[in-house]
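Colleague: I'm new to this one. Can you walk me through it?

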Number of protein chains: 2
Amino acid sequence: MSAPEAPTSATSARQATLESIQRELTAFARRARATAARMHPELSLVSYTILSHLEEQQGCRATDLAAYYLLDKSTVSRQVAALDKLGFIERRTDPSDQRVQVLHLAPRGIDVLAAAQVSRRAAFDERLAAWGPADLERFAEYLKRYNEDAASHPWPQTGTGGR
Amino acid sequence: MSAPEAPTSATSARQATLESIQRELTAFARRARATAARMHPELSLVSYTILSHLEEQQGCRATDLAAYYLLDKSTVSRQVAALDKLGFIERRTDPSDQRVQVLHLAPRGIDVLAAAQVSRRAAFDERLAAWGPADLERFAEYLKRYNEDAASHPWPQTGTGGR
DNA sequence: AGATCTCGTTGTATTATACAACTCTGACTG
DNA sequence: CAGTCAGAGTTGTATAATACAACGAGATCT
């Protein structure tokens, strides 16, 4: 263990910045559901994220979704079932492993996702219209880096130590 | 109406960046609940945001919370009732307007919030340990600016025009 | 073959949320 | 002052998202 260092003005400024990041991210997270509902009422945030993920990944397993979004597999199973029932996705059993279903966008899913993306892009375009390209790029990089860091640091032990 | 401009490589690069921002923000939002549950199991994301808001604002009304987090007043009412029942907050009727209750942290609320913040700070400290101060500052600024922009551009009309 | 692991489903309970109807209280108007 | 209207909060009701536990079917490894 290294020697404890006395707090300096630099470390407390850092703390203040971290607090600020937390606060803004949290506020954003809490608003996200409602925001999505207003941008595209026909597709909830939950459905949107799944369809969007499938588009980007060109198909994936339910387990992958659960891992990526930190959800229980039962939750994903039901959401996938609902999207399947609506005809938005298809489940193709993997021939090399009969347990796994590879999820793909179905034609109707492609359509509704595209429609939602139109609204979503319009909203982002308008909101971020005043941002310069350099700031946008940096913001995107920071977010990506943040999410990667969060994923790679599952949890600092906060409680009894179990994970 | 201004003349439509042909898409240039600059505009499509911008679009790609906007997509990236959307994607990362959405993934973050979707993970936030579970993340909070792991960081501080004793205080849900929802409770945390309310207590935290009260701490920062030194008290506010239920209506303010609803507006800030884009929630229905009934939702906030129940959450506030739950926090009150747990002894985390106090409701003080505003003497100048008997309709309004000003919400404040109660001693127990201060305690649990502080405990959660310890976990939270530890998590953020670890996650963002590799970030330099300049990047952190900029990230914080961008998030703040993003949230402000989102708040000031309620919605570009996406549907039939109603809000 | 048997133990064990993984993927997915289903049963059950809880929590967050919205919408609508309602009660108070305050403000404005004739 | 009476009547109306607007704002704050509560409650009834319904739905959606979620977790945990138990389970079934298929794969894997002795």
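Modeller: A definition to begin: the expected span of a helix is 1.5 Å times one less than its number of residues. Helices (H or I, at least four residues) are DSSP runs numbered from the N terminus. This is a predicted model, where local features need pLDDT of at least 70, side-chain atom pairs count only at pLDDT 80 or more, and totals for chains, interfaces and linings use all residues. Residues are numbered from 1 along each chain as its sequence is written, and chains are lettered from A and ligands numbered from 1 in written order.

Colleague: Why does the length of helix 2 of chain B agree with what it should span?

Modeller: Helix 2 of chain B (residues 45-57) has 13 residues, so at 1.5 Å a residue it should span 18 Å, and its end C-alpha atoms are 18 Å apart.

Colleague: Which of its residues are buried?

Modeller: Among them are B:Tyr48, B:Ile50, B:Leu51 and B:His53. Buried means that 20 or more other C-beta atoms, placed from the backbone, lie within 10 Å of the residue's own.

Colleague: And what comes just after helix 2 of chain B?

Modeller: B:Gln58, with a positive phi of about 55°.

Colleague: Switching to the DNA. How many residues surround strand C?

Modeller: 24, and the closest include A:Ser74 and B:Gln98. Near means a C-beta atom, placed from the backbone, within 6 Å of the strand.

Colleague: Which helix gives the most there?

Modeller: Helix 4 of chain A, with six residues.

Colleague: How many residues does each chain put into the contact?

Modeller: Chain A gives 53 and chain B gives 53, counting C-beta atoms, placed from the backbone, within 7 Å. Helix 1 of chain A gives the most to its side, with 19 residues.

Definitions and conventions: Helices (H or I, at least four residues) and strands (E, at least two) are DSSP runs, numbered from the N terminus. Two residues are in contact if their C-beta atoms, placed from the backbone, lie within 7 Å. A residue is buried if 20 or more other C-beta atoms lie within 10 Å of its own, exposed if 12 or fewer, and partly exposed in between; C-beta atoms are placed from the backbone.
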